[in-house]
Amino acid sequence: GLKCGIVGLPNVGKSTLFNALSSAKAEAANFPFCTIEPNVGVVTVPDTRLKVLEDLVHPQKVIPTVIEFVDIAGLVKGASKGEGLGNKFLANIREVDAIIHVVRCFEDPNVVHVAGSVDPVFDKEVIDTELQLKDLESVEKKILRIEKIAKSGEAKAKKQMESLLKYKEALKAGKNARAVEADEDDLEALQDIHLLTIKPVLYVANVDEGSIQEGNAHVKRLKEEVVLENADVIVLCAALEAQIAEFEDVEEKNMFLAEYGLEESGLNRLIAAAYRLLNLITYFTAGVQEVRAWTIKKGWKAPAAAGVIHTDFEKGFIKAEVIKLKDYEQYKTEAVCREHGKIAVEGKEYVVCDGDIMHFRFNV
Ligand code: GDP
(Lines give C-alpha, C1' and ligand atoms only; values in the text may rest on other atoms or scores of the structure.)
Protein backbone atom coordinates (compact mmCIF):
# COMPACT_ATOMS: atom_id res chain seq x y z
CA GLY A 1 0.00 0.00 0.00
CA LEU A 2 0.94 3.65 -0.24
CA LYS A 3 2.46 5.19 2.81
CA CYS A 4 2.65 8.68 4.20
CA GLY A 5 5.17 9.38 6.92
CA ILE A 6 4.23 11.95 9.55
CA VAL A 7 7.31 13.92 10.58
CA GLY A 8 8.03 17.02 12.63
CA LEU A 9 9.89 18.15 15.72
CA PRO A 10 8.90 16.71 19.09
CA ASN A 11 5.83 18.26 20.73
CA VAL A 12 4.28 19.68 17.58
CA GLY A 13 1.26 17.35 17.67
CA LYS A 14 2.28 14.37 15.52
CA SER A 15 1.03 11.72 17.92
CA THR A 16 -2.16 13.64 18.56
CA LEU A 17 -2.78 13.76 14.82
CA PHE A 18 -1.84 10.12 14.34
CA ASN A 19 -4.14 9.07 17.16
CA ALA A 20 -6.97 11.09 15.66
CA LEU A 21 -6.40 9.29 12.36
CA SER A 22 -6.35 5.96 14.20
CA SER A 23 -9.63 6.50 15.94
CA ALA A 24 -11.45 8.06 12.97
CA LYS A 25 -14.54 6.00 12.49
CA ALA A 26 -14.60 4.72 8.94
CA GLU A 27 -17.62 6.01 7.12
CA ALA A 28 -18.13 2.83 5.15
CA ALA A 29 -18.00 0.49 8.08
CA ASN A 30 -16.33 -2.46 6.38
CA PHE A 31 -12.81 -1.27 6.57
CA PRO A 32 -12.11 -0.06 10.05
CA PHE A 33 -8.83 1.52 10.81
CA CYS A 34 -6.35 -1.12 11.75
CA THR A 35 -3.06 -0.68 13.44
CA ILE A 36 -0.33 -2.78 11.92
CA GLU A 37 2.36 -1.64 14.30
CA PRO A 38 2.05 0.92 17.08
CA ASN A 39 3.13 3.66 14.72
CA VAL A 40 1.55 2.44 11.48
CA GLY A 41 -2.13 2.73 10.69
CA VAL A 42 -4.41 2.36 7.71
CA VAL A 43 -7.19 4.87 7.08
CA THR A 44 -9.96 4.73 4.54
CA VAL A 45 -10.12 7.40 1.87
CA PRO A 46 -13.52 9.12 2.09
CA ASP A 47 -15.22 9.10 -1.31
CA THR A 48 -18.82 10.17 -1.83
CA ARG A 49 -18.97 8.26 -5.13
CA LEU A 50 -19.01 5.01 -3.18
CA LYS A 51 -22.32 5.99 -1.65
CA VAL A 52 -23.72 6.75 -5.09
CA LEU A 53 -22.74 3.29 -6.30
CA GLU A 54 -23.99 1.65 -3.14
CA ASP A 55 -27.44 3.16 -3.63
CA LEU A 56 -27.54 1.93 -7.23
CA VAL A 57 -26.12 -1.56 -6.76
CA HIS A 58 -27.14 -2.46 -3.18
CA PRO A 59 -24.10 -4.66 -2.65
CA GLN A 60 -23.41 -6.86 0.38
CA LYS A 61 -20.41 -4.77 1.22
CA VAL A 62 -18.71 -1.54 0.31
CA ILE A 63 -14.95 -1.39 0.49
CA PRO A 64 -13.22 1.95 0.29
CA THR A 65 -9.61 2.40 -0.63
CA VAL A 66 -6.96 3.09 1.98
CA ILE A 67 -3.76 4.97 2.74
CA GLU A 68 -1.19 4.05 5.36
CA PHE A 69 0.14 6.56 7.82
CA VAL A 70 3.35 6.11 9.75
CA ASP A 71 4.11 8.18 12.83
CA ILE A 72 7.80 8.84 12.55
CA ALA A 73 8.84 10.16 15.94
CA GLY A 74 12.33 11.04 17.05
CA LEU A 75 13.61 13.57 14.61
CA VAL A 76 15.66 16.15 16.45
CA LYS A 77 18.48 18.45 15.55
CA GLY A 78 21.49 16.21 14.93
CA ALA A 79 19.49 13.21 13.71
CA SER A 80 21.54 12.97 10.52
CA LYS A 81 24.56 12.46 12.82
CA GLY A 82 22.74 9.71 14.66
CA GLU A 83 21.31 11.75 17.53
CA GLY A 84 17.91 10.87 18.97
CA LEU A 85 16.53 7.94 17.06
CA GLY A 86 18.60 9.34 14.22
CA ASN A 87 19.25 6.63 11.71
CA LYS A 88 16.24 4.50 12.52
CA PHE A 89 14.08 7.52 11.95
CA LEU A 90 15.68 8.30 8.64
CA ALA A 91 15.35 4.69 7.51
CA ASN A 92 11.62 4.96 8.25
CA ILE A 93 11.34 7.98 6.01
CA ARG A 94 13.10 6.19 3.19
CA GLU A 95 10.21 3.71 3.05
CA VAL A 96 7.39 6.21 2.64
CA ASP A 97 5.92 7.53 -0.60
CA ALA A 98 5.17 11.00 0.74
CA ILE A 99 5.92 13.14 3.75
CA ILE A 100 3.42 14.91 5.95
CA HIS A 101 5.35 17.53 7.82
CA VAL A 102 3.56 18.72 10.95
CA VAL A 103 4.51 22.18 12.13
CA ARG A 104 3.47 23.75 15.39
CA CYS A 105 1.46 26.90 14.88
CA PHE A 106 -0.31 26.93 18.24
CA GLU A 107 0.68 28.87 21.33
CA ASP A 108 0.26 27.01 24.59
CA PRO A 109 2.43 27.83 27.60
CA ASN A 110 1.76 24.34 28.95
CA VAL A 111 3.34 22.62 26.00
CA VAL A 112 7.09 23.01 25.98
CA HIS A 113 8.62 24.01 22.69
CA VAL A 114 11.94 22.29 22.01
CA ALA A 115 13.52 25.47 20.68
CA GLY A 116 11.98 27.82 23.25
CA SER A 117 9.38 29.62 21.16
CA VAL A 118 6.84 28.86 18.48
CA ASP A 119 8.45 29.51 15.12
CA PRO A 120 7.15 27.30 12.31
CA VAL A 121 9.65 28.45 9.71
CA PHE A 122 12.59 27.80 11.99
CA ASP A 123 11.14 24.39 12.96
CA LYS A 124 10.65 23.42 9.36
CA GLU A 125 14.24 24.37 8.62
CA VAL A 126 15.57 22.21 11.44
CA ILE A 127 13.86 19.17 9.96
CA ASP A 128 14.76 20.09 6.39
CA THR A 129 18.40 20.52 7.32
CA GLU A 130 18.65 17.06 8.86
CA LEU A 131 17.12 15.48 5.81
CA GLN A 132 19.30 17.52 3.48
CA LEU A 133 22.45 16.48 5.34
CA LYS A 134 21.47 12.86 4.96
CA ASP A 135 20.79 13.37 1.25
CA LEU A 136 24.09 15.14 0.82
CA GLU A 137 25.78 12.08 2.31
CA SER A 138 23.97 9.82 -0.18
CA VAL A 139 24.89 12.02 -3.14
CA GLU A 140 28.53 12.28 -2.08
CA LYS A 141 28.80 8.52 -1.63
CA LYS A 142 27.60 7.98 -5.15
CA ILE A 143 29.93 10.63 -6.49
CA LEU A 144 32.85 8.76 -4.89
CA ARG A 145 31.63 5.57 -6.49
CA ILE A 146 31.46 6.84 -10.06
CA GLU A 147 34.05 9.62 -10.10
CA LYS A 148 36.80 7.49 -11.62
CA ILE A 149 34.61 6.04 -14.31
CA ALA A 150 33.40 9.53 -15.21
CA LYS A 151 36.95 10.83 -15.43
CA SER A 152 37.84 7.98 -17.76
CA GLY A 153 35.33 9.53 -20.13
CA GLU A 154 32.55 6.98 -19.93
CA ALA A 155 29.53 8.86 -21.26
CA LYS A 156 26.84 7.63 -18.90
CA ALA A 157 28.94 8.17 -15.79
CA LYS A 158 29.83 11.67 -16.99
CA LYS A 159 26.18 12.55 -17.34
CA GLN A 160 25.44 11.14 -13.93
CA MET A 161 28.25 13.18 -12.41
CA GLU A 162 26.74 16.36 -13.83
CA SER A 163 23.41 15.55 -12.25
CA LEU A 164 24.92 14.57 -8.92
CA LEU A 165 26.98 17.74 -8.73
CA LYS A 166 23.90 19.81 -9.43
CA TYR A 167 22.11 18.16 -6.52
CA LYS A 168 25.14 18.41 -4.28
CA GLU A 169 25.25 22.17 -4.79
CA ALA A 170 21.55 22.58 -4.17
CA LEU A 171 21.61 20.51 -0.98
CA LYS A 172 24.65 22.37 0.30
CA ALA A 173 22.80 25.62 -0.30
CA GLY A 174 19.97 24.41 1.95
CA LYS A 175 17.56 23.46 -0.80
CA ASN A 176 15.42 20.36 -0.85
CA ALA A 177 15.99 18.02 -3.79
CA ARG A 178 12.35 18.40 -4.79
CA ALA A 179 12.96 22.09 -5.40
CA VAL A 180 15.53 21.32 -8.10
CA GLU A 181 14.18 21.11 -11.60
CA ALA A 182 14.92 17.57 -12.71
CA ASP A 183 15.22 16.11 -16.20
CA GLU A 184 15.22 12.44 -17.15
CA ASP A 185 19.01 12.14 -16.76
CA ASP A 186 18.84 13.58 -13.26
CA LEU A 187 16.17 11.14 -12.23
CA GLU A 188 18.19 8.28 -13.57
CA ALA A 189 21.28 9.40 -11.68
CA LEU A 190 19.29 9.59 -8.46
CA GLN A 191 17.32 6.42 -8.97
CA ASP A 192 19.40 4.13 -6.78
CA ILE A 193 20.04 6.53 -3.91
CA HIS A 194 16.47 7.23 -2.80
CA LEU A 195 16.76 10.80 -1.58
CA LEU A 196 14.56 11.90 1.30
CA THR A 197 14.01 15.51 0.31
CA ILE A 198 12.82 14.57 -3.16
CA LYS A 199 9.71 12.88 -1.81
CA PRO A 200 6.51 14.87 -2.21
CA VAL A 201 5.55 16.80 0.89
CA LEU A 202 2.58 18.52 2.41
CA TYR A 203 2.52 20.64 5.52
CA VAL A 204 0.09 20.46 8.37
CA ALA A 205 -0.13 23.68 10.33
CA ASN A 206 -1.31 22.56 13.74
CA VAL A 207 -3.19 25.56 15.16
CA ASP A 208 -5.25 26.27 18.25
CA GLU A 209 -9.03 25.92 18.08
CA GLY A 210 -9.52 29.64 17.56
CA SER A 211 -7.43 29.74 14.40
CA ILE A 212 -8.95 26.99 12.28
CA GLN A 213 -10.99 29.43 10.24
CA GLU A 214 -8.69 32.35 9.65
CA GLY A 215 -5.31 30.87 10.49
CA ASN A 216 -2.88 33.05 12.43
CA ALA A 217 0.42 34.85 11.99
CA HIS A 218 2.38 31.58 12.24
CA VAL A 219 0.33 29.99 9.46
CA LYS A 220 0.81 33.06 7.31
CA ARG A 221 4.60 32.85 7.66
CA LEU A 222 4.62 29.14 6.96
CA LYS A 223 2.53 29.61 3.82
CA GLU A 224 4.81 32.33 2.53
CA GLU A 225 7.77 30.06 3.15
CA VAL A 226 6.45 27.02 1.29
CA VAL A 227 5.16 28.91 -1.74
CA LEU A 228 8.59 28.24 -3.24
CA GLU A 229 8.08 24.50 -2.90
CA ASN A 230 4.65 24.61 -4.40
CA ALA A 231 3.43 22.57 -1.44
CA ASP A 232 -0.01 22.41 0.15
CA VAL A 233 -0.60 23.60 3.70
CA ILE A 234 -3.48 21.99 5.59
CA VAL A 235 -4.59 24.03 8.58
CA LEU A 236 -6.13 22.02 11.38
CA CYS A 237 -6.22 21.67 15.14
CA ALA A 238 -4.96 18.21 16.04
CA ALA A 239 -6.49 18.33 19.51
CA LEU A 240 -9.89 19.17 18.02
CA GLU A 241 -9.52 16.51 15.32
CA ALA A 242 -9.05 13.95 18.06
CA GLN A 243 -12.49 14.94 19.40
CA ILE A 244 -14.12 15.00 15.96
CA ALA A 245 -12.76 11.53 15.24
CA GLU A 246 -14.64 10.13 18.22
CA PHE A 247 -18.10 10.73 16.75
CA GLU A 248 -19.71 7.65 15.29
CA ASP A 249 -22.99 9.30 14.42
CA VAL A 250 -22.63 11.30 11.22
CA GLU A 251 -25.26 13.90 12.16
CA GLU A 252 -23.77 14.52 15.58
CA LYS A 253 -20.39 14.85 13.98
CA ASN A 254 -21.67 17.35 11.44
CA MET A 255 -23.32 19.38 14.18
CA PHE A 256 -20.06 19.48 16.08
CA LEU A 257 -18.21 20.56 12.94
CA ALA A 258 -20.80 23.26 12.30
CA GLU A 259 -20.20 24.70 15.78
CA TYR A 260 -16.67 25.41 14.63
CA GLY A 261 -17.79 26.64 11.25
CA LEU A 262 -16.40 23.58 9.50
CA GLU A 263 -17.93 21.55 6.71
CA GLU A 264 -15.47 18.76 6.83
CA SER A 265 -12.97 17.40 9.31
CA GLY A 266 -9.34 18.38 8.93
CA LEU A 267 -8.49 14.71 8.72
CA ASN A 268 -10.63 14.26 5.63
CA ARG A 269 -8.97 17.27 4.05
CA LEU A 270 -5.61 15.81 4.97
CA ILE A 271 -6.40 12.39 3.52
CA ALA A 272 -7.68 13.95 0.30
CA ALA A 273 -4.59 16.16 0.02
CA ALA A 274 -2.29 13.19 0.58
CA TYR A 275 -4.11 11.31 -2.16
CA ARG A 276 -3.62 14.20 -4.58
CA LEU A 277 -0.02 14.60 -3.54
CA LEU A 278 0.70 10.99 -4.40
CA ASN A 279 -0.87 11.50 -7.81
CA LEU A 280 -3.44 8.83 -7.14
CA ILE A 281 -6.82 8.21 -8.69
CA THR A 282 -9.61 5.77 -7.94
CA TYR A 283 -11.48 3.36 -10.11
CA PHE A 284 -14.39 1.20 -8.99
CA THR A 285 -15.65 -2.31 -9.34
CA ALA A 286 -19.37 -2.69 -8.77
CA GLY A 287 -21.11 -5.99 -8.27
CA VAL A 288 -23.85 -7.31 -5.99
CA GLN A 289 -21.26 -8.90 -3.74
CA GLU A 290 -19.24 -5.78 -3.31
CA VAL A 291 -18.73 -2.26 -4.48
CA ARG A 292 -15.12 -1.40 -4.13
CA ALA A 293 -12.70 1.47 -4.71
CA TRP A 294 -9.20 0.76 -6.00
CA THR A 295 -6.21 3.03 -5.97
CA ILE A 296 -3.89 3.50 -8.92
CA LYS A 297 -1.46 6.13 -10.13
CA LYS A 298 -2.65 8.64 -12.66
CA GLY A 299 -1.71 7.44 -16.13
CA TRP A 300 -1.82 3.70 -15.49
CA LYS A 301 -3.12 1.50 -18.28
CA ALA A 302 -5.85 -1.09 -17.84
CA PRO A 303 -3.62 -4.16 -17.27
CA ALA A 304 -1.64 -2.44 -14.50
CA ALA A 305 -4.88 -1.25 -12.94
CA ALA A 306 -6.22 -4.82 -13.06
CA GLY A 307 -3.04 -6.00 -11.36
CA VAL A 308 -4.03 -4.09 -8.23
CA ILE A 309 -6.91 -6.54 -7.79
CA HIS A 310 -4.84 -9.60 -8.56
CA THR A 311 -1.59 -10.25 -10.41
CA ASP A 312 -3.42 -12.90 -12.49
CA PHE A 313 -5.73 -10.18 -13.79
CA GLU A 314 -2.73 -8.35 -15.15
CA LYS A 315 -0.94 -11.40 -16.55
CA GLY A 316 -4.02 -12.79 -18.26
CA PHE A 317 -5.56 -9.45 -19.22
CA ILE A 318 -7.76 -9.64 -22.31
CA LYS A 319 -9.92 -6.53 -22.19
CA ALA A 320 -11.82 -4.23 -19.87
CA GLU A 321 -15.41 -3.09 -19.94
CA VAL A 322 -15.68 0.48 -18.77
CA ILE A 323 -18.69 2.47 -17.63
CA LYS A 324 -18.45 6.12 -16.71
CA LEU A 325 -19.99 6.96 -13.35
CA LYS A 326 -22.31 9.60 -14.81
CA ASP A 327 -23.71 7.01 -17.24
CA TYR A 328 -24.20 4.51 -14.43
CA GLU A 329 -26.04 7.21 -12.47
CA GLN A 330 -28.23 8.01 -15.43
CA TYR A 331 -29.08 4.47 -16.55
CA LYS A 332 -28.98 2.86 -13.09
CA THR A 333 -27.91 -0.66 -14.09
CA GLU A 334 -25.22 -2.31 -16.15
CA ALA A 335 -27.85 -3.88 -18.40
CA VAL A 336 -29.43 -0.54 -19.28
CA CYS A 337 -25.99 1.00 -19.79
CA ARG A 338 -25.33 -1.80 -22.26
CA GLU A 339 -28.59 -1.16 -24.12
CA HIS A 340 -27.55 2.45 -24.57
CA GLY A 341 -24.06 1.60 -25.71
CA LYS A 342 -22.51 3.05 -22.59
CA ILE A 343 -20.16 0.16 -21.95
CA ALA A 344 -16.88 0.70 -23.73
CA VAL A 345 -14.67 -2.28 -24.48
CA GLU A 346 -11.07 -1.25 -23.98
CA GLY A 347 -7.75 -2.99 -24.61
CA LYS A 348 -4.27 -3.01 -23.14
CA GLU A 349 -3.52 0.58 -24.07
CA TYR A 350 -6.51 2.11 -22.30
CA VAL A 351 -5.50 4.69 -19.69
CA VAL A 352 -7.85 4.34 -16.75
CA CYS A 353 -9.66 7.52 -15.67
CA ASP A 354 -10.62 8.63 -12.19
CA GLY A 355 -14.11 7.32 -11.44
CA ASP A 356 -14.21 4.61 -14.12
CA ILE A 357 -16.26 1.55 -13.27
CA MET A 358 -14.22 -1.37 -14.52
CA HIS A 359 -14.95 -4.96 -15.34
CA PHE A 360 -11.91 -6.99 -16.39
CA ARG A 361 -11.86 -10.03 -18.66
CA PHE A 362 -8.83 -12.24 -18.34
CA ASN A 363 -7.41 -15.71 -19.05
CA VAL A 364 -6.46 -17.88 -16.14
P1 GDP B 1 4.52 14.94 19.11
O2 GDP B 1 5.70 14.89 20.01
O3 GDP B 1 4.78 15.76 17.90
O4 GDP B 1 3.94 13.62 18.79
O5 GDP B 1 3.41 15.80 19.90
P6 GDP B 1 2.14 15.30 20.70
O7 GDP B 1 1.06 14.92 19.79
O8 GDP B 1 2.53 14.32 21.74
O9 GDP B 1 1.71 16.69 21.37
C10 GDP B 1 2.56 17.35 22.28
C11 GDP B 1 1.72 18.14 23.23
O12 GDP B 1 1.02 19.17 22.53
C13 GDP B 1 0.67 17.31 23.93
O14 GDP B 1 0.59 17.74 25.28
C15 GDP B 1 -0.60 17.65 23.17
O16 GDP B 1 -1.74 17.54 24.00
C17 GDP B 1 -0.36 19.08 22.77
N18 GDP B 1 -1.09 19.40 21.55
C19 GDP B 1 -1.14 18.67 20.38
N20 GDP B 1 -1.93 19.28 19.48
C21 GDP B 1 -2.38 20.40 20.06
C22 GDP B 1 -3.23 21.46 19.63
O23 GDP B 1 -3.75 21.47 18.52
N24 GDP B 1 -3.44 22.49 20.53
C25 GDP B 1 -2.88 22.49 21.78
N26 GDP B 1 -3.12 23.51 22.59
N27 GDP B 1 -2.10 21.51 22.21
C28 GDP B 1 -1.84 20.48 21.38
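**Exercise 1. A pair of helices**

Task: In this predicted model, α4 passes α5 in a left-handed crossing; work out how the two helices are oriented towards each other, and which residues form their contact.

Solution. Begin with the geometry: helix α4 covers residues 120–151 and helix α5 covers residues 155–172, and they pack at an angle of about 155° with their axes 9 Å apart. Next, compare this angle with the cut-off, since angles over 145 degrees count as roughly antiparallel. The helices α4 and α5 are therefore roughly antiparallel to each other.

Then look at the residues that meet. From α4 the contact takes Gln 132, Asp 135, Leu 136, Val 139, Glu 140, Lys 142, Ile 143, Ile 146, Ile 149 and Ala 150, while α5 supplies Ala 157, Lys 158, Gln 160, Met 161, Leu 164, Tyr 167, Lys 168, Leu 171 and Lys 172. Sorted by class, the residues of this contact between α4 and α5 are 11 nonpolar, 2 polar and 6 charged.

**Exercise 2. A second partner for α4**

Task: Determine whether α4 and α7 are oblique or roughly parallel to each other, and find which residues of each helix take part in the contact.

Solution. The axes of α4 and helix α7, which spans residues 217–226, come within 8 Å and cross at roughly 45°. Angles under 35 degrees count as roughly parallel, and those from 65 to 115 as roughly perpendicular. The angle between α4 and α7 falls in neither range, and the two helices are therefore oblique to each other.

The contact itself is made by Pro 120, Val 121 and Lys 124 on the side of α4, and by His 218, Arg 221, Leu 222 and Glu 225 on the side of α7. By class, the contact of α4 with α7 holds 3 nonpolar, 1 polar and 3 charged residues.

**Exercise 3. The nonpolar core**

Task: Find which residues of the largest nonpolar core touch the most other members, and which helix gives the most to this core.

Solution. The largest nonpolar core has 92 residues, and those that touch the most other members are Ile 6, Tyr 203, Val 204, Ala 205 and Ala 274. Helix α10, residues 266–277, gives the most to this core, with 6 residues. To see one of these core residues in detail, take Val 204 and set aside its neighbours within four places in sequence: Val 204 is then in contact with Leu 17, Ile 100, Val 102, Val 103, Ile 234, Leu 236 and Leu 270. As a general background, nonpolar side chains tend to be buried together in soluble globular proteins.

**Exercise 4. Buried or partly exposed?**

Task: Decide for Ser 22, Leu 278 and Leu 257 whether each is buried or partly exposed.

Solution. The step of reasoning needs one cut-off: a residue is buried if 20 or more other C-beta atoms lie within 10 Å of its own.

- Ser 22 lies in helix α1, residues 14–23, and with 20 C-beta neighbours inside 10 Å it counts as buried. The C-alpha atoms of Ser 22 and Gly 41 are 6.4 Å apart in space, although these residues are 19 residues apart in sequence.
- Leu 278 lies in the loop between α10 and β9, and with 19 C-beta neighbours inside 10 Å it counts as partly exposed. Not counting residues up to four places away in sequence, Leu 278 touches Leu 2, Asp 97, Ala 98 and Pro 200.
- Leu 257 is found in helix α9, and with 17 other C-beta atoms within 10 Å it is partly exposed. Leaving out residues up to four places away in sequence, Leu 257 touches Ile 244, Leu 262, Glu 263 and Ser 265.

The last case can be set against its whole helix: of the 10 residues of α9, residues 250–259, the number buried is 0, so this helix lies largely in the open.

**Exercise 5. Positive phi angles**

Task: Establish where His 194 and Lys 332 are found, and what phi values they take.

Solution. His 194 is found in the loop between α6 and β7, and its phi is near 45°, a positive value in a residue other than glycine. Lys 332 is found in the loop between α13 and α14, and although Lys 332 is not a glycine either, it has a positive phi of about 75°. For a glycine example, turn to Gly 261 just after α9, which takes a positive phi of about 70°. As for their surroundings, His 194 counts as partly exposed, with 13 C-beta neighbours inside 10 Å, and Lys 332 is partly exposed, with 13 other C-beta atoms within 10 Å.

Technical notes:
Residues are numbered from 1 along each chain as its sequence is written. This is a predicted model: local features need pLDDT of at least 70, side-chain atom pairs count only at pLDDT 80 or more; totals for chains, interfaces and linings use all residues. Axes are lines fitted to C-alpha atoms, for helices over the stretch in contact, and angles run from 0 to 180 degrees between N-to-C directions. Helices (H or I, at least four residues) and strands (E, at least two) are DSSP runs, numbered from the N terminus. A crossing is left-handed if the near helix is turned anticlockwise from the far one by less than a right angle, and right-handed if clockwise. Two residues are in contact if their C-beta atoms, placed from the backbone, lie within 7 Å. Ala, Val, Leu, Ile, Met, Phe, Trp, Tyr, Cys and Pro count as nonpolar, Asp, Glu, Lys and Arg as charged, and the others, Gly among them, as polar. A nonpolar core is a set of buried Ala, Val, Leu, Ile, Met, Phe, Trp, Tyr and Cys residues joined through C-beta atoms within 7 Å. A residue is buried if 20 or more other C-beta atoms lie within 10 Å of its own, exposed if 12 or fewer, and partly exposed in between; C-beta atoms are placed from the backbone.
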